[in-house]
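Colleague: Could you take me through the aromatic pairs of this model, with a close look at how the rings sit and what surrounds them? I would be glad of one connected account.

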Amino acid sequence: MSIFLSTLLATSSCNSNEKKIYPEDEINFTIVQTTDIHGMIFPYNFITDKEENTSMAHISSYIKQLRNEGKTILLLDNGDSLQGQPTVYYYNFVATNENHIWSEVLNYMNYDAVCVGNHDIEAGHNVYDKMAKELNAPLISANLIDENTRKPYFEPYTIVEKNDVKIAILGLIEPAIERQLPKVLYEGLTTEDMVESAKKWIKIIKDKENPDMIIGLFHSGANHTEDKELYKNENASQLVAEQVDGFDLILIGHDHQGWSGFGYDETTKQKTKEVRSPSGKIIPIYGGVNSSRYIASIDVSMIYNKDNKSWNVKFDGELIEPSEFEADKEFLNKFSYAKDNIEKWVGRDIGILDTKLTSDEALFGTSHFLSFIHKLQFLIAENELGEKIDISFAAPLNKNAVLNNGTIKVRDMFNLYPYENFFYIMRLTGKQIKDAMEYSYGRWFNTMTNIDDHIIAFKKDANGKLIFNNRYNSYDTITPTYNYESAVGLNYTIDVTKPNGQKVIIESFSDGRPFELDKEYKVAVNSYRGSGGGGHLTQGAGINLETLQNLDLVIKSTDKDLRYYIINWFENQNAPITVEKINNWKVVPEDYAEAGKKKDYKLLYND
């Protein structure tokens with residue numbers, strides 16, 4: 001764990017503070033930040049049916065310990081809580097007439113402010129609008145705005161007082177939801193660039209509120225280089241710190257990386273950079289890790305300097321592991337009703353599977369796992385939307401997914417398909433399809449110069465070495481594996497000795513039809529990909545983002561997520577399900593592919 005100390009000057013900018021009586025003694029309080037909880041409320045994983053040693057119940061114990069010690073707590077959440085575990089899915093889409101478990105938990109723990117995350121927006125208007133009404137704490141986001149009024153849809157910021165210190169908390173969401181989510185999920189809304197929005201609201205906050213401290217509560221990562229789009233950058237938290245004066249502290253989320261006071265150093269590829277604002281002030285950056293694994297805890301001490309009319313501020317922070325504390329028994333008892341209801345729902349039998357499905361196979365070629373997803377997309381297109389598609393696109397959304405043969409339950413569907421993606425049928429030209437495939441495989445596979453090369457495209461540091469990610473116990477890839485998009489409906493090969501843009505050789509459709517670049521085809525994709533997620537259709541196929549967001553190329557769309565239809569499909573089968581692998585593509589040279597897989601499997605699955 002890291003500790004970062006800094007002395008900051010939060011200078012007053014308004015004469016109204018001359019009337020305020022400032023304390024003679026040092027003021028202390030503790031900021032605790034949770035982020036990207038993704039439904040990990042109970043010390044139990046509803047997907048794997050196993051107990052866990054971390055949860056919001058553990059975090060509750062830590063908060064109560066601090067309060068019992070007499071500490072004043074500023075408790076903040078950075079969003080992305082409404083997706084991940086059946087815990088929240090159940091209250092998002094099944095038990096919709098009850099108060100949401102997440103708002104109940106936040107109210108119980110007395111949160112002061114909650115930022116909106118992209119996966120909260122993914123739950124749809126009905127869910128997050130209901131959440132905003134149920135929460136005692138404000139739901140904040142300055143750059144998610146109403147398209148008509150151009151005003152923030154939620155509160156842009158909130159003011160909280162702790163021990164007579166006036167604290168302004170500005171919320172921002174990563175604006176790349178415009179190329180990640182279908183517009184129907186945030187109908188009537190749009191996003192602003194984080195830097196532009198921060199500049200605007202910092203001035204408003206200073207002029208109107210004249211706070212003693214300004215905190216950025218951003219659902220956005222720190223490493224902006226991950227996203228090729230600089231404007232409306234997905235991980236722009238550090239950009240805001242470096243380009244906007246006025247913040248004293250920035251708390252971040254979204255990237256699941258964990259930040260202990262420092263920012264991202266592009267040169268060393270490490271989280272070691274001392275971040276400074278345009279005026280030269282050090283801005284500490286803190287952020288926890290997803291699924292209740294780590295939370296940020298920052299002790300704040302402040303002394304008012306009457307001579308220069310400013311605060312001397314010291315931050316002493318670290319990342320805390322909630323697993324070090326026992327789960328709060330009072331918490332568990334209070335919410336036991338919810339746990340019981342969810343367990344009954346996810347434990348329901350929906351079918352029998354004769355074939356074991358594992359997603360690791362899908363990272364190197366054709367697989368039973370993705371063959372099953374592709375088959376279901378063809379069936380859903382025809383049975384639910386009345387369209388026969390030509391091509392199905394899909395990727396392994398969870399690289400560690402395993403479905404054992406035997407009885408299948410609702411919980412298994414969260415392993416098979418972890419996200420609440422809608423299902424689109426789009427019209428794309430042959431050239432757009434080919435270009436999207438080249439983009440996918442170019443960021444998926446390395447260009448091999450000999451049989452000893454890596455087949456997977458891994459990230460490398462400044463010295464050309466692979467980057468090991470301790471959080472995932474694996475080496476980082478150029479693009480996340482959920483962007484490893486393959487196609488069914490076509491017969492093709494991937495030549496990993498060819499440069500990017502020339503790797504894909506399409507022979508024909510699998511039914512024997514010729515594949516033509518200038519002809520339009522019906523293509524199945526999930527809503528993340530169809531909205532521009534991963535860049536396959538924007539950077540790859542060159543389709544305008546606005547065209548995708550307006551659904552101009554979408555022929556049909558489901559009104560529920562894909563997992564809903566997969567569950568229904570299972571329940572309608574009268575016999576055990578056997579999955580046949582669709583061997584419609586392969587990697588060549590085959591000896592290179594085999595050698596590369598043998599080498600790189602160990603790097604991707606270190607344990």
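Modeller: Happy to! Let me start with a term: a residue is called buried if its relative accessible area is under 20%. Please keep in mind that this is a predicted model.

With that cut-off, both Tyr22 and Tyr304 are buried. They make a good starting point among the 39 aromatic pairs that the structure holds. The ring centres of Tyr22 and Tyr304 are 3.6 Å apart and the planes are at 5°, so this pair is stacked. Where do the two partners, Tyr22 and Tyr304, lie? Tyr22 belongs to the loop between strand S1 (7-11) and strand S2 (27-34), while Tyr304 is in strand S18 (residues 295-305), so the pair ties together parts that are 282 residues apart in sequence.

Now to another stacked pair, formed by Tyr89 and Trp345: here the distance is 5.8 Å centre to centre, with 20° between the planes. Tyr89 is found in helix H2 (residues 86-94) and Trp345 in helix H9 (residues 336-346), so this contact between rings ties together parts that are 256 residues apart in sequence. Are these two residues, Tyr89 and Trp345, buried or exposed? Tyr89 has 5% relative accessibility and therefore counts as buried. Trp345 has a relative accessible area of 14%, so Trp345 is buried as well.

The pair also has company. Ring pairs link Tyr89 and Trp345 with Tyr90, Tyr91, Phe93 and Phe414 into a cluster. Tyr89 has a charged neighbour too: the charged end of Arg563 sits over the ring of Tyr89, 4.8 Å from its centre. A similar arrangement involves Lys334, whose charged end sits over the ring of Phe335, 5.8 Å from the ring centre.

For some context beyond the rings, let me add a sheet. Its 5 strands form an open sheet in the order S28-S22-S31-S25-S32, with mixed pairing. At the edges are strand S28 (486-488) and strand S32 (554-557), each of which pairs on one side only. Neighbouring strands of this sheet are turned by 25° against each other on average, direction ignored. Helix H10 (residues 368-385) packs on the sheet, where H10 touches strand S22 (391-394), S25, S28, strand S31 (520-526) and S32. The direction of H10 makes about 125° with that of S22. Within the sheet, strand S25 (residues 423-429) and S32 run antiparallel and are joined by 3 bridges, and Ile425 stands opposite Lys556 in S32.

Methods: Residues numbered from 1 in each chain as written. Predicted model: local features only at pLDDT ≥ 70, side-chain atom pairs only at ≥ 80, totals over all residues. Heavy atoms only, no water. Pairing = 2+ DSSP bridges. Helix = DSSP H or I, 4+ residues; strand = E, 2+ residues; numbered from the N terminus. Axes fitted to C-alpha atoms, helices over the stretch in contact; angles between N-to-C directions. Contact = heavy atoms within 4.5 Å. Phe/Tyr/Trp six-rings, centres within 6.5 Å; stacked < 30°, edge-to-face > 60°. Buried < 20%, exposed > 50% of the residue type's maximum accessible area, 1.4 Å probe, protein only. Lys NZ or Arg CZ within 6 Å of the ring centre and 35° of its normal.
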